[in-house]
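User: Please walk me through the helix that I've got on screen, and go slowly on which side of it is covered. After that, carry on into the rest of the chain.

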Amino acid sequence: MAANLIEKSAFIFILFSISLIILVETHIEEHEAEFCNGEAEEKCPETNSERLSEMKYRKERNTRWGHYLDKLEQALRDYEPYNATDCSCHTRDLAPWKKKGISQVLIQNAKERGTRYQIINHKLYRDPECMFPFRCSGVEYFILKLINKLPDMEFILNTRDWPQANKHWPPLPILSFSKTDQYWDIMYPAWTFWEGGPAISLYPTGIGRWDRQRTIITNVFTFLDDREAEKWPWEKKKPIAFFRGSRTSAERDPLVLMSRERPDLVDAQYTKNQAWRSEKDTLGATPAQEVPFEDHCHYKYLFNFRGVAASFRFKHLFLCKSLVFHVGDEWLEFFYPAMKPWVHYIPVRNDLEDVRDLIDFSKENEEIVKEIAERGFQFVWNHLKMEDIQCYWEKLLIDYAELLQYKPERDLKLVEVTPRKKT
Ligand code: UDP
């Protein structure tokens, strides 16, 4: 009798549990379906894939890599996709002058720190001498394309690598290509998007023509006739951390030294630059052969370091659809703030103490880091086109001109700059 009662109770309990499970599952399904209904539908693919990724990360949470997975999940949650119609991602550099504007005295004070430009009646003028003529013309290329849309203005443009307006002093309006948050400088898109970048033996006239580089590097993926699959898909890339460059900053040393100890893990070697005098400048080794950007795509993990200031290599690396390891976060170019650690690249400490761990993490979490590489590629491919650079220049200069507290008058000592013949 008692046994019969127990059997009955067990049966009722099982029935109850099954109904409960069915109820909960139905509720979850309904709830999930809501995300893909009506107006929300357009947002669904991204939302869904992010949620799927989150679930995947959650599953692997309790492993050795939980702390990185947490960071990644948080970064994805916080990430607000960049608004492609508004290329103003960093015009916040103009904030110090928002209240009082930019006076003529400030421009006078900044004059010695760069090249003076004027735009008057849709014509561009500048100091007769530019310290780095190709850098000036790399900038002028973009401004001249916009000239008919630009109001009268005057500005000081720094073509050195190093920013000029240190925050130890009151704000000075100087346009520079790169800075840290210790500087007031207003960032502009570097000359190297067109010309005037560093000359190495592979690029003897200097790195430039971003439009061409975009095509050259991404052609690594598909043969032109589209018959073949991608040429260097993730699966085919070597699972090695890769870096080639000169010793413009000693921050690169630990990776080069690691490469000598663990060539199975890292291939990082110093090349010659124009300042090379002896093997001391390549950390006691013979200078390595230079490697073109497109051949970086043979490797899964690509390293970016600051040089004297930000390195121009950063944007190129993403085009490989390899995973970018970005060392340090101080040195910026205008577009860096729109790219986020763990969303688009893996952040690495300046002293590289975490580098071994991060490489191991990447090797053990292939699917996850492949997604980071893909997002990095998509950002640079979609939001760093020549049109975007042009758009940024336009927004920057128009916003800048609105801050001027005086009407600039043509200075006859400046020379007119006109478009060069097509190359
Ligand atoms: N570079 C390259 N292949 C090499 C060495 C350098 O493409 O084998 C590129 C590098 O990516 C960078 C530029 O040449 O854009 C100058 O590199 P370097 O390391 O000399 O200076 P950086 O500007 O990075 O401080």
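Analyst: **Helix α9, then outward**

In helix α9, which runs over residues 355-364, the buried residues are Val355, Leu358, Ile359, Phe361 and Ser362. Seen around the axis, they take up an arc of only 160°, which puts them on the same side of α9. That arc is taken from the directions pointing from the helix axis to the C-beta atoms. Buried here is a neighbour count: 20 or more other C-beta atoms (placed from the backbone) within 10 Å of a residue's own, while 12 or fewer makes it exposed and anything in between partly exposed. Helices are DSSP runs of H or I with at least four residues, strands are runs of E with at least two, and both are numbered from the N terminus.

Two housekeeping points. Residue numbers start from 1 along each chain as its sequence is written. What you're looking at is a predicted model, where local features need pLDDT of at least 70 and side-chain atom pairs count only at pLDDT 80 or more, though totals for chains, interfaces and linings use all residues.

Zooming out, the protein chain has 11 helices and 11 strands, and 35% of its 423 residues count as buried. Take its contacts (C-beta atoms, placed from the backbone, within 7 Å): among those with a separation of 6 or more, 64% join residues 24 or more positions apart.

Two other helices can be read the way we read α9. Helix α3 (residues 66-78) has 13 residues and reaches 18 Å from its first C-alpha to its last, close to the 18 Å expected; the expected span is 1.5 Å times one less than the number of residues. Tyr68, Leu69 and Leu72 are the buried residues of α3. They stay within an arc of only 100° around the axis, which places them on the same side of α3. Turn α3 to the face away from that side and you find the exposed residues Gly66, His67, Gln74, Arg77 and Asp78.

Next is α11 (residues 386-403), with 18 residues: the end C-alpha atoms are 26 Å apart, in agreement with the 26 Å it should span. Its buried residues are Ile389, Tyr392, Trp393, Leu396, Leu397 and Tyr400. Down the axis of α11 they fall within an arc of 120°, so they line one face of the helix. Part of what covers them is α5 (133-146) and β3.

That brings us to β3 (residues 153-157), where leucine 157 sits. Leucine 157 counts as buried because it has 25 C-beta neighbours inside 10 Å. Leaving out residues up to four places away in sequence, leucine 157 touches Gly114, Thr115, Tyr117, Val139 and Leu175. Methionine 187 is 30 residues from leucine 157 in sequence, yet their C-alpha atoms are 9.9 Å apart.

Follow the chain out of β3 and you reach lysine 167, in the loop between β3 and β4 (175-176). With 13 C-beta neighbours inside 10 Å, lysine 167 counts as partly exposed. Its C-alpha is 5.6 Å from that of glutamine 182, 15 residues away along the chain. Beyond four places in sequence, lysine 167 is in contact with Gln182, Tyr183 and Trp184.

Now a backbone oddity. Most residues other than glycine have a negative phi. Arginine 209 isn't a glycine, but its phi is positive, about 40°. Arginine 209 is in the loop between β5 (186-187) and α6 (210-218), and it counts as buried, with 20 C-beta neighbours inside 10 Å. Leucine 283 has a positive phi too, about 55°, and lies in the loop between β7 (266-270) and β8 (299-304). With 15 C-beta neighbours inside 10 Å, leucine 283 is partly exposed. The loop between β7 and β8 also holds glutamine 274, which is exposed, having 8 other C-beta atoms within 10 Å.

Last, the core and the ligand. The largest nonpolar core (buried Ala, Val, Leu, Ile, Met, Phe, Trp, Tyr and Cys residues joined through C-beta atoms within 7 Å) has 96 residues, and among those touching the most other members are Ala241, Leu255 and Phe303. Around the ligand there are 18 residues, the closest being Gly245, Glu290, Gly307, Ser311 and Arg313; the cut-off is a C-beta atom, placed from the backbone, within 6 Å.

Note on methods. Contact = placed C-beta atoms within 7 Å.
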